[in-house]
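Me: Got a minute to go through a model with me? I'd like to talk about rings, helix packing and a few odd residues.

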Amino acid sequence: MKKIFFFIIFLISSQICYSESLDYKGLKKISKNSTFMDGKGKPYSEDEIKDKKNTLLIVYNHGSEEDTKTDPCKLKPGFGYTWDGAVVPAILNLHNKKIEELEIKIYRLCSGVKGMSSKEQKKIRKSIEKGEELNLTTEHKQLKRQKIILSKTEEFSDQGFENIVLAGWSAGGWASLNLQSRFPEKFKGSIAFNPAFAGPKKEWQKQYPEWGAFRKHQVNIFNQNDSLNAIIFTHSKDNFEDPETLSFFKEFKGMHFIDYSELKPANCSFADVDKKMPSNNGHYIPQSSCVTKYINDDNYLINYLEKIF
C-alpha cells in the first residue's frame with residue numbers, strides 16, 4: 001500500500017508541472033478542427049466576435065475513446081453527434097444568449113491526442129498487482145488533455161476573453177471539473193455532463209487496477225480543495241460513473257449536483273436516427289433532445305450561469 005501511495009504522490013507532482021512542451025504527437029492535426037460553433041453546431045470564425053471583454057466564453061470539451069486511439073473531432077459533426085466531437089445540444093442552446101451584459105459564445109476544443117499504449121498500461125497493471133514501486137514515464141490521455149485545455153484557455157485570456165467557463169461531456173466533463181478545481185482564478189465555472197474518464201465502472205473498479213489508481217489520483221486532486229464552482233449532471237444508468245460513484249462531489253461548496261435519473265433513456269432518441277435508446281444508455285443521452293428539454297424546463301444552465309455572474 002505504501003508503494004501505491006508513493007505512486008499517487010508521483011502522479012500528483014507530475015501533473016502540477018507544466019514546464020514541459022505540449023508538442024504531443026497528433027495535436028497539431030486535430031487542433032485544426034477546433035472552432036467556435038453556433039447554436040446549430042456550425043463552425044464560424046473568431047473574427048465575428050467583436051467584443052471579447054463582454055463575451056461569456058464557454059470552452060467545450062468532447063468525450064474520449066480509449067487511450068490508444070485519437071479521439072474523433074470532426075470540423076462539422078452532425079448535430080448531437082457526440083461520438084464525432086459534437087457539442088452537447090443543451091450547451092449549443094446557450095449560443096448568443098445573454099447573462100447580465102455578457103453574450104455567450106461557444107468554442108469546441110479538439111484535444112484528444114493518444115495517451116498510453118497498451119504495453120505501457122499492462123506494465124503498470126502488473127506493477128500494481130505485484131505491489132512494486134512504480135515509475136510512470138508517460139501520461140495517460142486525461143492528463144494530456146487537461147494541459148491542452150489549460151494552454152488554450154490561457155491563450156484566450158491573453159486575447160482579451162475575461163469570462164471563461166469550462167464545459168464538457170464524459171472525459172471532457174471530467175477534465176473541465178479538474179481544471180476548475182485547480183485553477184478557480186482562471187475559470188468562472190464548469191459544466192459537466194456525465195463526467196468520467198477511467199472507462200466503465202467494472203473496469204476501473206476491478207478489471208484494470210491501473211485505471212482505478214489513475215482515478216484515485218484525480219479524486220485526490222479534487223479533495224485538496226473544499227469548494228468547486230460547478231454543475232454536474234449524472235445518471236444512475238451510466239455504466240462509467242453514476243450518482244453513487246460521483247457522490248464525493250456533493251461535499252464541495254459551490255457544487256450543483258443534478259441527478260437526472262428520472263429521465264429514462266428508453267424515452268429518448270439517438271441524435272442520428274429516429275430510434276429510442278436502450279434503457280441502460282444513461283451515459284449517452286446528452287446527445288438527445290430530451291435532455292435539452294429537461295434542462296430548459298428547469299432552466300438549470302441559465303440559473304447556474306446567472307448565479308456565478
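Reply: Sure, we can take those topics in turn. Keep in mind that this is a predicted model.

Me: Rings, then. How many aromatic pairs are there?

Reply: The count comes to 23 aromatic pairs. Take Phe249 and Phe252: their ring centres are 6.1 Å apart, with 50 degrees between the planes, and the pair is tilted.

Me: Are those two buried or exposed?

Reply: Phe249 and Phe252 are both buried.

Me: What about Tyr260 and Tyr294, how is that pair arranged?

Reply: The centres of Tyr260 and Tyr294 are 6.0 Å apart and the planes meet at 40 degrees, so this pair is tilted. Stacked would need under 30 degrees, and edge-to-face over 60.

Me: Which parts does that pair tie together?

Reply: Tyr260 is in the loop between β9 (253–259) and α9 (289–298), while Tyr294 is in α9 itself, so the pair links parts 34 residues apart in sequence. Tyr260 is buried at 1% relative accessibility. Tyr294 is buried too, at 11%.

Me: Which residues do ring pairs link into a cluster?

Reply: Trp174, Phe197, Trp211, Phe214, Phe222, Phe248, Phe249 and Phe252. So the cluster takes in Phe249 and Phe252, the tilted pair from before.

Me: Now charges over rings. Where does the charged end of Arg215 sit?

Reply: Over the ring of Trp204, 4.1 Å from the centre. There is a lysine case as well: Lys152 lies over the face of Phe156, 5.0 Å from the ring centre.

Me: Switching to helices. How do α5 and α6 pack?

Reply: Helix α5 (residues 141–159) and helix α6 (residues 171–182) pack at about 60 degrees, and their axes are 10 Å apart. That angle makes α5 oblique to α6. The crossing is right-handed.

Me: Which residues meet there?

Reply: From α5, Gln142, Arg145, Gln146, Ile149 and Leu150. From α6, Ala171, Gly172, Trp174, Ala175, Asn178, Leu179 and Arg182. Note Trp174: it is also in the ring cluster.

Me: And α9 with α10, what's the geometry?

Reply: The axes of α9 and α10 (residues 300–308) come within 5 Å and cross at roughly 50 degrees. The two helices are therefore oblique to each other. Tyr294, Ile295 and Asp298 of α9 make the contact with Tyr300, Leu301 and Asn303 of α10. Tyr294 again, from the tilted pair with Tyr260.

Me: Backbone oddities next. What is the phi of Glu100?

Reply: Positive, about 60 degrees, although Glu100 is not a glycine. Glu100 is in the loop between β4 (98–99) and β5 (102–109). At 57% relative accessibility, Glu100 counts as exposed. Ser170 also has a positive phi of about 60 degrees and is not a glycine.

Me: Where is Ser170 found?

Reply: In the loop between β6 (163–169) and α6. Ser170 is buried, with a relative accessible area of 7%.

Me: One more spot. What does Thr35 contact?

Reply: Beyond its neighbours within four places in sequence, Thr35 is in contact with Pro43, Tyr44, Leu75, Ile106, Tyr107 and Arg108. Thr35 sits in strand β1 (residues 35–37). Thr35 is buried, at 9% relative accessibility.

Me: And Glu251, buried or exposed?

Reply: Exposed, at 66% relative accessibility. Glu251 is in the loop between β8 (227–234) and β9. From Glu251 to Gln159 is 35 Å, C-alpha to C-alpha, with their positions 92 residues apart in sequence.

Notes. Residues numbered from 1 in each chain as written. Predicted model: local features only at pLDDT ≥ 70, side-chain atom pairs only at ≥ 80, totals over all residues. Heavy atoms only, no water. Phe/Tyr/Trp six-rings, centres within 6.5 Å; stacked < 30°, edge-to-face > 60°. Buried < 20%, exposed > 50% of the residue type's maximum accessible area, 1.4 Å probe, protein only. Helix = DSSP H or I, 4+ residues; strand = E, 2+ residues; numbered from the N terminus. Lys NZ or Arg CZ within 6 Å of the ring centre and 35° of its normal. Axes fitted to C-alpha atoms, helices over the stretch in contact; angles between N-to-C directions. Parallel < 35°, antiparallel > 145°, perpendicular 65-115°, else oblique. Left-handed = near helix turned anticlockwise from the far one by under 90°. Contact = heavy atoms within 4.5 Å.
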